[in-house]
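User: Hello! I am new to this structure and would like a close look at a single part of it. Could you walk me through one buried spot and then show me how the rest of the chain surrounds it?

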Amino acid sequence: MPRGLLVVNAFLRTSKFDELYQILADAAKECGMALDVQTNAELICAMETGEFRKEDYAFVLFWDKDVLLAQRLEQMGVRLFNSARSIALCDDKAMTWLALRETDIPMPRTIPLPKTFSAVGYPSLDFARLGDALGYPVVVKECFGSFGQQVYLCESRAALEQKLRELAGTPLLLQKAVTESLGRDVRINVVGGKVVASILRKSNDGDFRSNLTLGGSMEPYTPTPEEAALAIRATALLGLDFAGVDVLFGNDGPILCEVNSNAHFKTTLSCTGVNMALCIMQYIKEQI
């Protein structure tokens, strides 16, 4: 029986995360594989003491964003799903944009903001005129964040400058708002180059973000051929085995919002009945 290792974060052990890990373990069993679970902290210790042996595992399902650890495993010759490079590109929204900006992937106009340090801040906000160039409202995103909680809509130059002061020292990017899609988007889940399930997400309280964690609603959704092709193409360009791709409704066609290398799929399961964990484990079994 093939045995794999599921690597999870040691410090995100809420019931929400633990339930997801159990769904993955159950799916592996259903596919005729065993899946051990180990936190990144436990694995680092095991690697340093010699307790970890790569020969014990046919693969590693890396459900964390500890990229340095993922890179160490790959240097040892371990096959990771997803790869360290792909996780890193998705974890940093500016890197996602940079990796795709010279491709055919439609994205909102995006400007990574100048780096500063929390102890220094922004003594000058002259660069905030970039918001004027994009046109208001503009979207400010922290480069690292999940569940829509680090995304902000600024309606004016004054609001933008205030938000920049608050976030000084945090890696940020500025985006032109896709106003026709505010409060709604599509999560398209891709596994092995195929769309396996999609949901339409909508805000219920006027929030410009549609994230379910923020109180949005969902319903099953059949993506258009253009939306599906966009999700599959972005996933392939980023080197992902599987991903949750967020797509906006642009006036001229679908627009890529974000790509998630470790998308939470429990909501997709409850909404569509499609078990993403089973799709992922079946794909891994085929690959190994």
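**A close look at Asn 189**

Analyst: Happy to help, beginning with the outside of the chain. The accessible surface comes to about 13,300 Å², of which 51% belongs to carbon and sulfur atoms; such areas come from the Shrake-Rupley method with a 1.4 Å probe, and for residues only the protein chains shown count as cover. Please keep in mind that this is a predicted model, in which local features need pLDDT of at least 70 and side-chain atom pairs count only at pLDDT 80 or more, while totals for chains, interfaces and linings use all residues. Residues are numbered from 1 along each chain as its sequence is written, and side-chain values use heavy atoms, with hydrogens and water left out.

Now to the residue itself. Asn 189 sits in strand 9, which covers residues 184-191. Strands (E, at least two residues) and helices (H or I, at least four) are DSSP runs, numbered from the N terminus. With a relative accessible area of 1%, Asn 189 is buried; that word means under 20% relative accessible area, while exposed means over 50% and partly exposed lies in between (1.4 Å probe, protein chains only).

What surrounds Asn 189? Leaving aside neighbours within four places in sequence, its contacts include Lys 194, Val 195, Val 196, Ala 197 and Ser 198, and also Ala 243, Gly 244, Ala 263, Thr 268 and Met 276. Contact here means heavy atoms within 4.5 Å. Met 276 is 87 residues away from Asn 189 in sequence, yet their C-alpha atoms are 8.0 Å apart in space. With Thr 268, the side chain of Asn 189 makes a polar contact of 3.4 Å. A polar contact is a pair of N or O atoms within 3.5 Å; within protein, one must be able to donate a hydrogen and the other to accept it, and residues adjacent in sequence count only if both atoms are side-chain atoms.

Stepping back, the secondary structure of the chain comes to ten helices and 13 strands. Of its 288 residues, 52% count as buried. Among contacts between residues at least 6 apart in sequence, 67% join residues at least 24 apart. The C-alpha atoms fill a box of roughly 60 × 45 × 35 Å along the principal axes.

For a second buried example, look at Gln 38 in strand 2 (residues 34-39). Gln 38 counts as buried because its relative accessibility is 18%. Beyond its neighbours within four places in sequence, Gln 38 is in contact with residues including Leu 5, Val 8 and Ala 46.
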